[in-house]
Amino acid sequence: MTAALEMPRVQECVVAACAYNQSGDCHAFAITIGSMDHAHCHTFVESPVRGGVDGLVAQVGACQRSDCRHNEQLECHASSIKVGPDNDLADCMTYSGR
């Protein structure tokens, strides 16, 4: 089991429309990445209300992209990730297929 302190951080998020984004930092406690066919940030919420925890930088809680080279047993093992726009409003830009 991966300890919370070992979970990769969201180094940068450039999706300004997300309610958890404050000045390029994600302030959700943890995010979930991916589905079977795409590396979306499933924690993305488009809202005028800002959320999250001040002073906290999000970590990757789970990754469902088993075909990513950073994924081991549905856990992300990248040193950190970046979230940005791609096929939808918020995707893991660190995703790299095996």
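Biologist: Why does E12 count as partly exposed?

Modeller: This is a predicted model, and in it E12 has a relative accessibility of 33%. Buried means under 20% and exposed means over 50%, so E12, at 33%, counts as partly exposed.

Biologist: What makes the contact of E12 and K82 a salt bridge?

Modeller: Their side chains meet at 3.9 Å, N to O. The cut-off is within 4 Å, from a side-chain nitrogen of Lys or Arg to a carboxyl oxygen of Asp or Glu, so the pair passes. As a general point, side chains of opposite charge can pair when their charged atoms come close.

Biologist: How do you know that the pair links distant parts of the chain?

Modeller: Look at where the two sit: E12 is in strand β1 (residues 9-13), while K82 is in strand β8 (residues 80-84). That puts them 70 residues apart.

Biologist: And K82, is that one buried, partly exposed or exposed?

Modeller: K82 has a relative accessible area of 37%. Partly exposed lies between the 20% and 50% limits, so K82 is partly exposed.

Biologist: How many salt bridges does the structure hold?

Modeller: Two. Besides E12 with K82, there's R65 with D67, whose closest N and O atoms are 2.6 Å apart. The limit is 4 Å, so R65 and D67 make a salt bridge too.

Biologist: Why is R65 called buried?

Modeller: Its relative accessibility is 8%. Buried means under 20%, so R65 fits that label. Its partner D67 comes out at 31%, so D67 counts as partly exposed.

Biologist: Now for the empty spaces. How many cavities of 30 Å³ or more are there?

Modeller: The count comes to two. The largest has about 80 Å³ of space, and the second largest about 60 Å³. In general, rolling a probe the size of a water molecule over the atoms shows where empty space is left.

Biologist: What lines the largest cavity?

Modeller: Its lining includes I33, C63, C68, H70 and E75. By class, that lining has eight nonpolar, three polar and one charged residues.

Biologist: What about the lining of the second largest cavity, by class?

Modeller: Ten nonpolar, one polar and no charged residues. Among them are V10, C13, Y20, F44 and V83.

Biologist: Where does UniProt place the feature "domain: DUF1540"?

Modeller: The record, an unreviewed entry, puts that feature at residues 13-44 and 63-94. In the model, residues 13-44 are 0% helix and 28% strand, with their end C-alpha atoms 11 Å apart.

How values were computed: Residues are numbered from 1 along each chain as its sequence is written. Side-chain values use heavy atoms; hydrogens and water are left out. UniProt positions are given in the numbering used here, feature names are shortened, and annotations may be inferred rather than shown by experiment. Helices (H or I, at least four residues) and strands (E, at least two) are DSSP runs, numbered from the N terminus. On a 1 Å grid over the protein atoms alone, a cavity is a set of points where a 1.4 Å probe fits but cannot get out, and a pocket is an open set with protein on both sides within 12 Å along at least five of seven lines; lining residues have an atom within 4 Å of a point. Grid points are joined across faces, edges and corners, and a volume is the space filled by probe spheres set on the points. Ala, Val, Leu, Ile, Met, Phe, Trp, Tyr, Cys and Pro count as nonpolar, Asp, Glu, Lys and Arg as charged, and the others, Gly among them, as polar. Buried means under 20% relative accessible area, exposed over 50%, partly exposed in between (1.4 Å probe, protein chains only).
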